[in-house]
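Here is a short briefing on one protein chain. Points are grouped by topic.

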Amino acid sequence: MVDNRYATALVIGSVLSLLASVYLSAAVGTQHWFQYSSPPLRQGTNVSELKEEFVKGDFNESAYSDAMFRLNGALGLWLRCIQVPNPKMETMCVSFTLPQQFIPKYKNHGNSSEEDLVRTYLWRCQFLLPLVSLALVFLSVLVGVCACLCRSFTPTLGVGVLHFLAGLCSLGTVCCFRAGLDLLHHQYSPPAGVDGSMGWSLYLALISFPLQMMAAALFLWAAKSHRKNYTRMSAYRVA
């Protein structure tokens, strides 16, 4: 028999976990992690060439970064977008392929280039960590279902730990993205007049972190408190 307090904690924790998963999934699938606000294009700017290079060109970090700087670009974990006057403003997006996510980043020193290990691993972590976070939440759901089938409260402790780890992964995603973006701007500085700001996709991922932590706290509290209560009742019956 489960006390109403513990049942309430489990329900609230499950709702928070669901909200966090929805927010994180929406963040991963959208491109508004960081947005650039570009000044009006100068006369003589070859927009078609920029567009062609961005959409159909080889995966070149310098080329697509320059296009995003000049054409109100937006950058996400899996998407990069620009706004092209055609004649009205049209948003064009290109997705990062899985092999491109693992391509090393390089430092440019004149004619020679060496691998930038810090940016390389920050880039890889920023797209792997949210997937790990969602996988941990899915695993916690399976553990919770098994706990219900077995009519045991003990696995709830594992559910709380999994949510705690998922929350750390969500926070790590945001930190890796911001750190990698700062290093990118140090490598390829935006032109004068270009402003950058964090987008709502990044805030969704950031919000998922405290939601997962609150869910973890509720699950851990319910498991620990129920165990203490059960131990006391067992001791009382024996006495």
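**Helices against the sheet**

Helix α3 (residues 61-70) lies across β1 (34-37), β2 and β3, and runs at about 50° to β3. Helix α6 (residues 156-187) lies across β1, β2 and β7, at about 35° to β1. The model is predicted.

**Overall make-up**

- The protein chain has 7 helices and 7 strands.
- Along the sequence, the pattern reads α-β-α-α-β-β-β-α-β-β-α-α-β-α.
- The protein chain has 239 residues, and 39% of them are buried.
- Contacts between residues at least 6 apart in sequence are mostly long-range: 73% of them join residues at least 24 apart.
- The exposed surface of the protein chain is about 13500 Å². Carbon and sulfur atoms supply 63% of that area.

**The sheet**

- Which order do the strands of the open sheet follow? The 5 strands run β4-β3-β2-β1-β7, and the pairing is antiparallel.
- β4 (89-95) and β7 (195-198) are the edge strands. Each has a single partner strand, so one side of each lacks a neighbour in the sheet.
- Strands of a sheet pair through backbone hydrogen bonds, either parallel or antiparallel.
- Strand β2 (residues 74-75) pairs with strand β3 (residues 79-85) over 2 bridges, in the antiparallel sense.
- Ala 74 stands opposite Cys 81 in β3.

**Cysteines**

- The structure holds 1 disulfide. The bond joins Cys 81 to Cys 93, with an S to S distance of 2.0 Å.
- Cys 81 sits in strand β3 and Cys 93 in strand β4. The two are 12 residues apart, and the pair links distant parts of the chain.
- Why is the disulfide of Cys 81 and Cys 93 right-handed? The torsion about the S-S bond is about 110°, so the disulfide has that hand.
- Cys 81 counts as buried because its relative accessibility is 1%, under the 20% limit.
- Cys 93 is partly exposed, with a relative accessible area of 39%.
- Cys 175 is in no disulfide. The nearest cysteine sulfur is that of Cys 176, 6.9 Å away.
- Cys 175 is partly exposed, at 46% relative accessible area.
- The sulfur of Cys 176 has its closest cysteine sulfur in Cys 125, 4.8 Å away. That is too far for a bond, because a disulfide needs sulfur atoms within 2.5 Å.
- Cys 176 is buried, with a relative accessible area of 13%.

**Largest nonpolar core**

- In soluble globular proteins, nonpolar side chains tend to be buried together.
- The largest nonpolar core has 31 residues.
- Which residues touch the most other members of this core? They are Trp 33, Tyr 36, Phe 54, Met 68, Ile 82, Phe 177 and Leu 181.
- Many elements contribute: α1 (4-28), β1, α2 (47-56), α3, β3, β4, α6 and α7 (200-238) each supply at least two residues of this core.
- Leu 181 touches Phe 34, Tyr 36 and Leu 75, leaving out residues up to four places away in sequence.

**Second core and Ala 215**

- A second, separate core has 6 residues. Among them are Leu 16, Ala 20, Leu 211 and Ala 215.
- Ala 215 lies in helix α7.
- Is Ala 215 buried or exposed? Its relative accessibility is 0%, so Ala 215 counts as buried.
- Ala 215 and Gly 13 are 202 residues apart along the chain. Their C-alpha atoms are separated by 4.2 Å.
- Ala 215 touches Gly 13, Leu 16, Ser 17 and His 163, not counting residues up to four places away in sequence.

**A buried serine**

- Ser 133 lies in helix α5 (residues 117-150).
- Ser 133 has a relative accessible area of 0%, so this residue is buried.
- Which residues is Ser 133 in contact with, leaving aside neighbours within four places in sequence? The contacts are Leu 24, Ala 166, Cys 169, Ser 170 and Gln 212.

Methods. Residues are numbered from 1 along each chain as its sequence is written. This is a predicted model: local features need pLDDT of at least 70, side-chain atom pairs count only at pLDDT 80 or more; totals for chains, interfaces and linings use all residues. Side-chain values use heavy atoms; hydrogens and water are left out. Helices (H or I, at least four residues) and strands (E, at least two) are DSSP runs, numbered from the N terminus. Buried means under 20% relative accessible area, exposed over 50%, partly exposed in between (1.4 Å probe, protein chains only). Contact means heavy atoms within 4.5 Å. Accessible areas come from the Shrake-Rupley method with a 1.4 Å probe; for residues, only the protein chains shown count as cover. Two strands pair if DSSP finds at least two bridges between them. Axes are lines fitted to C-alpha atoms, for helices over the stretch in contact, and angles run from 0 to 180 degrees between N-to-C directions. A nonpolar core is a set of buried Ala, Val, Leu, Ile, Met, Phe, Trp, Tyr and Cys residues joined through side-chain atoms within 4.5 Å.
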